[in-house]
Amino acid sequence: MKKELPAPVARWFACWNSGEIDDLPITEDFCHTSPFGTIETKVRYMEIVNKNRTSFLGNKLSVLDQIVEGNNV
């Protein structure tokens, strides 16, 4: 059975898939961690996203599974 994504998470994927990345539902104290490291604050994250906009856009993101721990997805 496929679980429904929480609204902010669903919006996140919708923004990326549509290319509306300026509407990403992230807070000012946003922190993004990946195998490449950690990016802290919304401003810094959006600087990197906008600098690499052509590389990030045009991809289709699909959710295959989700891990939920408390309020974190």
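Helices here are DSSP runs of at least four residues and strands are runs of at least two, numbered from the N terminus.

**Figure 1. The whole chain, with three helices and two strands.** Keep in mind that this is a predicted model. Walk along the sequence and you meet the elements in the order α-β-β-α-α. The C-alpha atoms fit a box of roughly 40 × 25 × 25 Å along the principal axes. Of the 73 residues, 16% count as buried. Take the contacts between residues at least 6 apart in sequence: 42% of them join residues at least 24 apart.

**Figure 2. The surface and charges of the protein chain.** The accessible surface adds up to about 5900 Å², and carbon and sulfur atoms account for 54% of that. As for charge, there are 8 positive and 10 negative ones, and their mean positions sit 6 Å apart.

**Figure 3. An aromatic cluster built from Trp12, Trp16, Phe30, Tyr45 and Phe56.** These residues form one cluster, and a search of the whole structure turns up five aromatic pairs. The next view zooms in on one pair.

**Figure 4. The pair made by tryptophan 16 and phenylalanine 56.** Their ring centres are 5.7 Å apart and their planes meet at 75°; angles over 60 degrees count as edge-to-face, so that is what this pair is. Tryptophan 16 belongs to helix H1 (residues 7-18) and phenylalanine 56 to helix H3 (residues 53-56), so to speak two distant parts of the chain, 40 residues apart, linked by the pair. How buried or exposed is each partner? The cut-off for buried is under 20% relative accessible area, so tryptophan 16, at 9%, makes it. Phenylalanine 56 comes in at 33% relative accessibility and therefore counts as partly exposed.

**Figure 5. Helix H2 (residues 42-51) and its buried residues.** Which residues of H2 are buried? They are Tyr45, Met46 and Val49. Look down the helix axis and these buried residues fall within an arc of 95°, which means they line one face of H2. Over on the other side of H2, Val43 and Lys51 are exposed. Tyr45 also turns up in the aromatic cluster, along with Trp12, Trp16, Phe30 and Phe56.

**Figure 6. What covers the buried residues of H2.** The cover includes two other helices, H1 and H3. Strand E1 (31-34) and strand E2 (37-40) are part of it as well.

Notes:
Residues numbered from 1 in each chain as written. Predicted model: local features only at pLDDT ≥ 70, side-chain atom pairs only at ≥ 80, totals over all residues. Heavy atoms only, no water. Buried < 20%, exposed > 50% of the residue type's maximum accessible area, 1.4 Å probe, protein only. Contact = heavy atoms within 4.5 Å. Areas by Shrake-Rupley, 256 points an atom, 1.4 Å probe, with all protein chains shown as cover. Lys, Arg positive; Asp, Glu negative; His and termini not counted. Charge placed at Lys NZ, Arg CZ, Asp CG, Glu CD. Phe/Tyr/Trp six-rings, centres within 6.5 Å; stacked < 30°, edge-to-face > 60°. Arc of directions from axis to C-beta.
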